[in-house]
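User: Pick one part of this model and look at it closely. Then work outward from there and show how its surroundings are put together.

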Amino acid sequence: MRSAALEWSLLCAVLVLLAALLSVWRWREFDAAGDFERRRLQLQAQRMGEQLKLTLRAIDKALVGVRADVAAGDPARLPARLDALDAAAAAIDALQVVDADGRVLAADSGSLDVSLSHATQPCFTRMAAQPDPDVLYLCAPIRDASGRWTSDVLRTLDDGGVGRFRGAVVATLDAGFLDAMLQSGLYAPDMKVLLLHGSGVVAVSSWPEVIPIGTDYGRKPDSLFMRYRASGRASGVVEGSSKVGREDVMVAFYTVLTDDPRLDGPLVLSMSRSTDAAYRPWMIGNAWTLAGWLAAVLATAVSLHLAQRRRRVQTHAAAMQARQRIEQLEFVELVVQGADLSLWAWDLPSRRLEVDARWCAMVGCPADDLDDAARDWRNRAHPDDRAEMAALLRKHLRGETPYADHEIRLRHDDGRWIWVHVRGKVVERDAEGRPVRLVGTQQDITERKTAEHELRERATQLRHVADAMPGTVARFDMARRFIFANANFERWLGIAPDRLIGRTTTEVFGSRTHGEWEPYVLRVEAGERVAFETSFESPTRGRRHLLATLVPDIGTDGAVCGHFSVTVDITEQRAAEAERRALEDHLRDTQRLESLGTLAGGIAHDFNNVLGAIIGNAELARTEVEPEHLVQRSLVQISQSAQRARGLVQQILTFSRHEQHEHAVQPLRPLVEETVAMLRATLPARVALATEFDDAPLYANADATQIHQVLMNLGTNAWHALAEQAGHIEIGLAPVELPAGGAGAVAGLSAGHYAHLWISDDGNGMDAATAARIFDPFFTTKPVGQGTGLGLSVVHGIVKAHLGAITVETAPGAGTCIDVYLPAATKPSQLGEPAAAAERRVPRGHGRHVMYVDDDETMGLLAERLLEQAGYRVTRCGSARQALAAFIAAPRDLDVLVTDYNMPELSGLALAAEFARIRPELPIVISSGYLGDELSAGAERAGIRHLVRKQNTYEELADVVRRAIDEAERLAERVA
């Protein structure tokens, strides 16, 4: 009774102390809750203020863009530009351009009343008085003609350098957008948000029915806004009583001022919350704390009462159990004798161990020789087993385990070691719960341990053999669960073999792979041996191609009880086969491209004849018509169109022929623009192609043909990345300076100036694994038959040959941007700024005799007119045979031969050889629509140094003929 009363007194003292600690803790939580809410409210106001700064920057960029359009002087495009900017900028409700008197010059289609004048607005007057082109002017809210509150922001127009105010670009803010943006930052239903002009006028209100737009807090000296403004801080929290809602509130203010753009005055963001709502979680926590404290008091009292009652019951039960144990031990002894077990009993207080005759027989000692069985047991135990045996025994004596169960080795009297299974249990404890008596059994398990050892050795040998195999080896039961797995599974799956045991094939490989293998597994479970090829996505090695062999596992009863699986990785073999096929396809593609190049050369001959005739006749017609004649404009358009067609033909030839790559310092932008023009002609209408070029001239030591190839390949890949969807492709060129390391550095490139070329698309993008392999030869994401994977590897090789680098930025669903960096070069002296265009000066012929040979009558007539206009005497021949006959008749009457290269009877080179055989000193000029390597080499061997592109006949023919005659005359003078 005395012990029970003491326990109740101690319980009451503990509960009182706990109540005091809880009171102190809850009071501190009150202060912490207030501090937390003020910090949270202030932080949210700052975040929304930063969002407002970003919105102001976006609006300012739109105003600056309109100002630039106005300065460009194209008023016809201005309304469409305003509409586009209004649609693009969600924060803008309307855009207008006004003059210095506030009259509207241009407006978007969304403007309500363009007849209104802005001259009466205070901010417009302030801006007109002190215009600053770098300042964004913020207007206080005013009512428009329809009675709606609006807020404007203004930017001055470009004064053109005269220093006077010309007007402004005006953006009317979308109050609904700003309200939605600000309300997105409210994290509690009791919160309110206001956006005020720096003067205190409400511009946006989330509580318009109570605080309407236009409310002027600048005229309320006792308002919380005026208290905040008087503090002079850029942000802060003010607490007090709100006269609007008649409640205590916390209000976080944040003054919005930016340097980019620079504002003429601030905006003030106000976010408020009810003080009662802010402390409501604390009050709820108090209620729960009190309830928990009361529940703990009740539970502790009940537990103490039940514990005292249980102790009384246990004391009575212990006496009853002591009487029953002797009877139970006698019964157990009879049972264990039939199981060939030895019995032992250990009296813990006296440390005396009692054993039976069977225990002595197991260890080979006579029963009468045991003076101290406990000491004998410890001495016989194997040294390696003693520590574990003692630890298990201690755990059981402490009541942590139901039995003391362990297997140990004991030394037999004949010197050998025997294995025994010892199991004991505490059968008696004293009133304090300490163990008094421990009884148990001992069984000889030497034969079982020997058999287990032999089985483990055989299993180890089999595992070594399985682990040494090049592929995976596994055994499965009929439920498709792993029974055995060799070490290769860890290399293939990243999972240790012992963690696979017991798991099904669906759990390990996934339902998709399981479904692919299911037909083969069903066949092997029917007793059939199966071999098949399959593919598998390894988490550690990627996609692998496998040769799998399944063998049925036959049990002792002759029935199938599972199957064995042996798989071999044949990915490298299949890759080698694929590489061989890809090389064959690439060879066929190369042959096809060579055929296309030959075809392009033939087409160029005929098409350049047409283009040369069009250009030449158009230019001749311009010289024969007065400069002010109306037909001059049409002739100029004809000439310009033909020149563009000539450029396209040359681009086709550039891509179709194989030339020796020559690097030269040249401007990059013309190369990029040529490729963009060609790429734009091939893209479908659903793909928008945009360009972004830096205005600064940019040069590189590059091969023009290879740069074309890089751009066309990357542009085509960007188009294919859009699949069948509409999308955008952007091609850009800009100078960049790369550092040696750290942020902005590109791997493999040293510090210096580079040309940065990029091609981006908004297609599906790639994951990291795919992006890491796109430059590998023969790797492609396209279906079979639609690509060999050689394109990007060629691009990578070209960029590396130019001492540059190529990088990829991509993510699934985020599109792809490929950046190419080429070392920038210094502008060479011969590429100086083009001089002013001068009139074409044609060298005079002074009656020299020219024979022009061409099977195309149109080109012949054009050349005849050009040369006669230059003062030459011209004999035009329509075939090589006709020209040769005329020359043989009067070989000394001719001063120069001009012949087409591609003619049906004799080629230009063959005709030139016939003329040279008769008269070696005669100057000869070859004209062709395609001056390829073969023609250049043949002309050089024949001693012909004058070649003319047929499409440049008008510009070059007379000059080349004059040079050929002059060179022949100088040579004749030196010989004489």
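Analyst: Start with I638, which sits in helix α16 (residues 631-656). Keep in mind that this is a predicted model. Is I638 buried, exposed or in between? I638 is partly exposed, at a relative accessible area of 41%. The cut-off for joining a patch is over 30%, so I638 at 41% passes it. The patch in question is nonpolar, covers about 300 Å² of surface, and is made by I638 together with F607, V610 and I614. Helix α15 (residues 571-624) supplies its largest share, 3 residues. I638 brings in α16 as well.

Now go from surface to interior. The largest nonpolar core has 43 residues. Among those with the most contacts inside this core are L52, I59, L63 and V153; L182, L269 and M271 belong to that group too. Helix α1 (residues 2-72) is the main contributor, giving 9 residues. Take I59 as a sample. Beyond its neighbours within four places in sequence, I59 is in contact with A91, I92, V153, A171 and L173. Another core lies apart from the largest one. This other core has 36 residues, including L668, L689, L733 and L822.

Helix α3 (residues 122-129) shows how one short segment divides its residues. C123, F124 and M127 are the buried ones. Viewed down the α3 axis, these fall within an arc of 100 degrees, so they line one face of the helix. P122 and A129 are exposed, on the face turned away from the buried side. Which strands help to cover the buried residues of α3? The cover includes β1 (92-99), β3 (135-138), β6 (152-156) and β7 (167-173).

Charged pairs come next. The structure holds 37 salt bridges. One joins R273 and E37, with the closest N and O atoms 3.0 Å apart. This pair links distant parts of the chain: R273 is in strand β13 (residues 267-274), E37 is in helix α1, and 236 residues separate them. Both partners are buried. R273 has a relative accessible area of 11%, and E37 has 4%. Each value is under the 20% limit, so R273 and E37 count as buried.

A second bridge joins the side chains of R380 and D413, at 2.8 Å from N to O. It too links distant parts of the chain, 33 residues apart. R380 is in helix α8 (residues 373-380), while D413 is in the loop between β16 (404-411) and β17 (417-429). Here the partners differ in exposure. R380 is buried at 5% relative accessibility, whereas D413 is partly exposed at 40%.

A third bridge stays inside one helix. R669 pairs with E673, the closest N and O atoms being 2.9 Å apart. Both lie in helix α17 (residues 668-682), 4 residues apart, about one turn of the helix. Why does that spacing suit a pair? An α-helix has 3.6 residues a turn, so residues three or four places apart point the same way. R669 is partly exposed, at 34%. E673 is partly exposed as well, at 36%.

Finally, salt bridges can also join into a network: E407, R448, K449 and E452 are linked in this way.

Terms used
Residues are numbered from 1 along each chain as its sequence is written. This is a predicted model: local features need pLDDT of at least 70, side-chain atom pairs count only at pLDDT 80 or more; totals for chains, interfaces and linings use all residues. Side-chain values use heavy atoms; hydrogens and water are left out. A nonpolar core is a set of buried Ala, Val, Leu, Ile, Met, Phe, Trp, Tyr and Cys residues joined through side-chain atoms within 4.5 Å. Buried means under 20% relative accessible area, exposed over 50%, partly exposed in between (1.4 Å probe, protein chains only). Helices (H or I, at least four residues) and strands (E, at least two) are DSSP runs, numbered from the N terminus. Contact means heavy atoms within 4.5 Å. Patches are made of residues with over 30% relative accessible area and no salt bridge: like charges are joined within 9 Å, nonpolar side chains (Val, Leu, Ile, Met, Phe, Trp, Tyr) within 5 Å. Accessible areas come from the Shrake-Rupley method with a 1.4 Å probe; for residues, only the protein chains shown count as cover. A salt bridge is a side-chain nitrogen of Lys or Arg within 4 Å of a carboxyl oxygen of Asp or Glu. The arc is that of the directions from the helix axis to the C-beta atoms.
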